[in-house]
Amino acid sequence: MNIQRLLVPTLRSASAATLAAGGYIHAQLYVDEYRFIHVIGPLFLLQASASFALAALLLVGTPPLLLRAAAAGVTLGALAGFIASRTVGVFGFTEHGLQPAPQALLSLLTETGTLLLLSIWQMTVTRQHRAARTPVRTPLRERATH
């Protein structure tokens, strides 16, 4: 069996799983604590909803390039919010270190994993397209002999 045939579906499923896991962590934090925090609570709910929706669409097989970009955007937004909340603050909200534990660390791991999987998936697809492309022009050596 060809490993390339299995690689893309595996990356698709793994990306969806890590994206959904990050969404679950944000939904859990929203329900447990963050729903009462002005602006931040709704942002956590939005991030969780977007993650779940994109994970489902990735599994269904909707046009993958747009979905990979959207999933990367949601994930990068979550990471940017995490960093900002621990440095300059977000809408007056700040946190310190890896609190709340263990959700902060788990969120960092799932979001980093999602970005890594999406990057590998994109590189794999790009390589497959390059390998499948036929040359547009005849090589110079062949044109010189005609």
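Me: Helices here are DSSP runs of H or I at least four residues long, strands are E runs of at least two, and the numbering goes from the N terminus. With that in hand, where is the place of glycine 77?

Reply: Glycine 77 is in helix α3, which covers residues 64-86. Mind that this is a predicted model, where local features need pLDDT of at least 70, side-chain atom pairs count only at pLDDT 80 or more, and totals for chains, interfaces and linings use all residues. Residues are numbered from 1 along each chain as its sequence is written, and side-chain values use heavy atoms, with hydrogens and water left out.

Me: How many helices and strands are there in the protein?

Reply: There are 5 helices and 0 strands. Read from the N terminus, the order is α-α-α-α-α.

Me: Why is glycine 77 called partly exposed?

Reply: Buried means under 20% relative accessible area, exposed means over 50%, and partly exposed is whatever falls in between, using a 1.4 Å probe and protein chains only. Glycine 77 comes out at 43%, so it's partly exposed. As for its surroundings, glycine 77 and glutamine 47 are 30 residues apart in sequence, yet their C-alpha atoms are 8.5 Å apart in space.

Me: And phenylalanine 82, buried or exposed?

Reply: Buried, because its relative accessible area is 15%. Phenylalanine 82 also belongs to helix α3. Its C-alpha is separated by 8.4 Å from that of leucine 108, 26 residues away along the chain. For the whole protein, 36% of the 146 residues count as buried.

Me: What makes α2 roughly antiparallel to α3?

Reply: Two packed helices are described by the angle between their axes and the distance between the axes. The axes are lines fitted to C-alpha atoms, for helices over the stretch in contact, with angles from 0 to 180 degrees between N-to-C directions. For α2 and α3 the axes come within 10 Å and cross at roughly 155°. That makes the pair roughly antiparallel, since the label applies over 145 degrees (under 35 is roughly parallel, 65 to 115 roughly perpendicular, the rest oblique).

Me: What is the handedness of the crossing of α2 and α3?

Reply: It's left-handed. The near helix is then turned anticlockwise from the far one by less than a right angle, while clockwise would be right-handed.

Me: What makes something a cavity rather than a pocket?

Reply: On a 1 Å grid over the protein atoms alone, a 1.4 Å probe fits in a cavity but can't get out, whereas a pocket is an open set of points with protein on both sides within 12 Å along at least five of seven lines; lining residues have an atom within 4 Å of a point. By this rule there is 1 cavity of 30 Å³ or more. The largest cavity has a volume of about 30 Å³, a volume being the space filled by probe spheres set on grid points joined across faces, edges and corners.

Me: Which residues line the largest cavity?

Reply: Among them are Thr18, Leu19, Gln47, Thr75 and Glu111. The elements giving two or more residues to that lining are α1 (3-32), α2 (40-60) and α4 (103-132). α1 gives the most, with 4 residues. By class the lining has 1 nonpolar, 8 polar and 1 charged residues, where Ala, Val, Leu, Ile, Met, Phe, Trp, Tyr, Cys and Pro are nonpolar, Asp, Glu, Lys and Arg are charged, and the others, Gly among them, are polar.

Me: What about the largest pocket, how much space lies in it?

Reply: About 430 Å³. It is lined by 24 residues, and the closest to its centre are His26, Phe44, Ala78, Gly81 and Phe82. α1, α2, α3 and α4 each supply at least two lining residues, and α3 gives the most, with 8. The class split is 13 nonpolar, 8 polar and 3 charged.

Me: Which peptide bonds are cis?

Reply: The bond from glutamine 99 to proline 100 is cis, with omega near 0°, and so is the one from alanine 101 to proline 102. Proline 100 lies in the loop between α3 and α4, and proline 102 is found in that loop too.

Me: Why does phenylalanine 91 count as exposed?

Reply: Its relative accessible area is 62%, so it is exposed. Phenylalanine 91 is in the loop between α3 and α4, and its phi is near 50°, a positive value in a residue other than glycine.

Me: And what makes valine 39 partly exposed?

Reply: A relative accessible area of 25% does it. Valine 39 is in the loop between α1 and α2, and its phi is positive as well, near 70°.
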